[in-house]
There are 4 protein chains.
Amino acid sequence: MGLTFARFYAEMDRNKNRLEKARWEIATGAISGAVGTFANIDPAVEEHVCEKLGLRPEPISTQVIPRDRHAMFFATLGVIASSIENIAIEIRHMQRTEVLEGAEFFSMGQKGSSAMPHKKNPVLTENLTGLARLVRMAVIPAMENVALWHERDISHSSVERGIGPDATITLDFALHRLASVVDKMLIFPENMLDNMNKFPGLVMSQRVLLALTQAGVSREDAYSMVQRNALKVWEERLDFRELLLADEEVVKALGVEAINEKFDMGYHTKHVDTIFKRVFKD
Amino acid sequence: MGLTFARFYAEMDRNKNRLEKARWEIATGAISGAVGTFANIDPAVEEHVCEKLGLRPEPISTQVIPRDRHAMFFATLGVIASSIENIAIEIRHMQRTEVLEGAEFFSMGQKGSSAMPHKKNPVLTENLTGLARLVRMAVIPAMENVALWHERDISHSSVERGIGPDATITLDFALHRLASVVDKMLIFPENMLDNMNKFPGLVMSQRVLLALTQAGVSREDAYSMVQRNALKVWEERLDFRELLLADEEVVKALGVEAINEKFDMGYHTKHVDTIFKRVFKD
Amino acid sequence: MGLTFARFYAEMDRNKNRLEKARWEIATGAISGAVGTFANIDPAVEEHVCEKLGLRPEPISTQVIPRDRHAMFFATLGVIASSIENIAIEIRHMQRTEVLEGAEFFSMGQKGSSAMPHKKNPVLTENLTGLARLVRMAVIPAMENVALWHERDISHSSVERGIGPDATITLDFALHRLASVVDKMLIFPENMLDNMNKFPGLVMSQRVLLALTQAGVSREDAYSMVQRNALKVWEERLDFRELLLADEEVVKALGVEAINEKFDMGYHTKHVDTIFKRVFKD
Amino acid sequence: MGLTFARFYAEMDRNKNRLEKARWEIATGAISGAVGTFANIDPAVEEHVCEKLGLRPEPISTQVIPRDRHAMFFATLGVIASSIENIAIEIRHMQRTEVLEGAEFFSMGQKGSSAMPHKKNPVLTENLTGLARLVRMAVIPAMENVALWHERDISHSSVERGIGPDATITLDFALHRLASVVDKMLIFPENMLDNMNKFPGLVMSQRVLLALTQAGVSREDAYSMVQRNALKVWEERLDFRELLLADEEVVKALGVEAINEKFDMGYHTKHVDTIFKRVFKD
């Protein structure tokens, strides 16, 4: 679970960088006249005003700022929204009744579904999935806005009056909602272990497969040896380790000790701290 | 015309920067195993291979590189495609029979339309307009690809096998075609002047309006004085300057000399070099 | 011009049909319980209520009406919006200063651009171009809404609360605005003729080309004969008919009378009434 | 499960209708000359050829068929693709290891994942999810194609050469793949029952709630009575029915017999045949 959220942290860290770049890119100003030639106003005025407003002067403008800047801005919002959807869907999966490894916070006294008192739907992350679509829908119109006729036509204006407030406010709301969901999330480690053991030991099949080939068994034979035991786990929910220990060919190839050693969970988590250092630096 | 293309130069310069950023962002590699835990392979292998390939190791991966990187990449291609459309549409407008201030290169011996020997359609820029749509259509699926289930599902794969080659090759082709169109473009300066003088002197109406208000005429009166003469130009194609010189009220407010001085074209081009310096630096 | 608007009439007539179909398709109702099984409520109740509301009962529902219906509805709005853009762009082209074959209504006393008293921009059709983008952006989220998890998740809800009112109200407004623009449009037939004669007689080049081939001249020779004269019209604005009459080869192939006859405008309009009958029926 | 697939049947039946309409709508032809006026060719030729080709003559065309027809066609493909995604996602959910109520066909000897011999991923439905995105991405460019300049420009052509074959072939492939997946699907009824009983009896909570209110208990009290027992099922996996029978207040309100009667599964399936009749007619 730590890895999952470290992954989302890294993704959102990239998005923070993207948003800062997009904000920087769009933060230009122009006071260059009706066709951008400074005919009636000196460029110094533009520079002065832009500085007061914390903007850079647009190097070359027409009546308006070129709209590729806005397209890039809304495209970036669309990417961030897609990451929100990514995290929301992960949580929705965790909260499935049959999985239940995590859930949006639900206080015990709180009312659930109006019809079904026991139901605990991931309503916030489902909502976030929809909000992501709403933000993302601004991307294409923002790109269609780039091709203004000559010094500008007014076609982009109605679009931006819509998507400007809608996409930014919706994304802001969604980011806050997501932060709050993650902050207060319920985590159920026992269920994680239960789910991993639903087919006892089967998650270690790849490791056994590798060990067999490293012990000199041909890839094809190794695959077949693992698969015939794996299928029994799958169909009859028997214990994979015990099946292997009862399979003469496997025991002959690996030995009892090595088979047992393959079921050590620590094998899979030994590099978690390495990854954390790569993500969080310090 | 120089300003128009300086504007497109600045826009494409921004796009070059964006493309370099997008390329950098997507240039990561991962050899971290089936669920990204380095269970069966040391992180040092990933580092070594990535270095050989000119990639950075993905700080935290699952079975795959996180797809927000790809979404950002295709979104950037979509912005660039929109800029191509922007330039293409400008040229298509210039090449209109009624405007004809510029045109795609057409050698005199070359065949035109198969049905109409005189027709010189802006076929390359019309084609570029369509190609821009083709590149842009990759943006939304690339964003929909971000939300993979858990360590990854395979839903993004078919999408990327389509949009990966299609969007990059189409954009590459479109950029080369656009460069060639701009490189060989025909420019018709006489037609520009003709078009400006279609309604003789009228392009100076804003300057006269400002001069009147600066001379102490109320905004409302100034507007009315300019408009009554402007409409005669519009409807009867009379000469705006002559009309003003024959308008007692205007002459009284500005004087003959000042009126004449307002029709100096240099007034509008005096800052062109300033703008060029801002765009091209040196 | 009549043909142009007959074409738009036909397009909007198709759109009216599509809208009626889309409305019919979406006009279903469901009162089938939390998972659509009528466990706690009899199907007869659904039928009764739907009838009162002018809806058809949804043959099989879950907690909600299936969202492919809504996707089809918003897709249809997107097509209609694209037709609005089509008509708007035609009018914007007509209103170009250099073309000026038509224009949005502009009363003589009305103020134009605040900066430029003579400017008459096609502000309404430029606005319609943007509004079309706003309506169209609802299409993809509506399609992304179709894949609800199991009996329904709530992800579609926030999307529909946004696009439901926004897309329908924007389209309604845009249709009314477009109708009003077309109703009051200014048409300038003299300018149409002027534009056609900008390159005198050249619009007849295809007809001459066909006549030459029908008179036994090879396609290649005919093309060359027409093109060499067409280019002189293009470059020196000479009269195409006079050039042909002075071209011995052309005169030899067609004869003077036949050449003159090729410049009869009625040749091109002879089937206008046929087309009108096809479009307007009676 | 029958209801789930009846629902998909109904959705795909609607899509079949839509596709037939879209095909009908786009099946027009035009041989009306370079600007659509039949100047050089009689309308009778168009009628004759169209009849031979199984097309209707386009009532009014320019050089091309109006592109709103194509927009509607591709929009319809996009809706169908979204329904494919809908069904694919349902199956992917069913095939989750923790749910396992259904799965894509997997023959026992067949190799699974190359790394993990036991893994049975829903690779076909994951692939279908991606293919749906590929088809859907054609919708917006097809709508952007509607606004051709005047009698036509060529911008739509490159778009249609791309999306024409790609969207239709991809959809055709996806429909066949989906049909094959559904045809051969594995269904696990025991797992369905297991999943329903994961929280024993809890699925009946809504019915108990309704019964309590119908027995005269206030909505608020009823909700509280159900919820306090539901939570124990949720947290301790106790049996809901037994908890209710041990809850004096509930027993007082409903009586033992009525409580027991509320756990009859037939209550939920009694209208299944009614629904089937509505969907399949006969």
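**How chain B meets chain A and chain D**

Because 100% of the interface residues of chain B are also interface residues in chain A, the two copies meet through the same surface; contact here means heavy atoms within 4.5 Å. This is a predicted model, in which local features need pLDDT of at least 70, side-chain atom pairs count only at pLDDT 80 or more, and totals for chains, interfaces and linings use all residues. Residues are numbered from 1 along each chain as its sequence is written, chains are lettered from A and ligands numbered from 1 in the order in which they are written, and side-chain values use heavy atoms, with hydrogens and water left out.

**Chains B and A: symmetry**
- A turn of 180° with a shift of 0.0 Å along the axis lays chain B on chain A with an RMSD of 0.0 Å (least squares on the C-alpha atoms of residues with pLDDT of at least 70 in both).
- A75(B) is the residue of chain B closest to this axis, at 3.0 Å (C-alpha).

**Chains B and A: contacts**
- In this interface, 62 residues of chain B are in contact with 62 residues of chain A.
- Ten salt bridges are counted between chain B and chain A (a side-chain nitrogen of Lys or Arg within 4 Å of a carboxyl oxygen of Asp or Glu).
- One salt bridge joins R18(A) and E25(B), with the closest N and O atoms 2.4 Å apart.

**Chains B and D**
- A rotation of 180° with 0.0 Å of shift along its axis superposes chain B on chain D (RMSD 0.1 Å).
- These two copies are thus related as by a two-fold rotation axis.
- Of the contact residues of chain B, 100% recur in chain D, and the same surface serves both copies.
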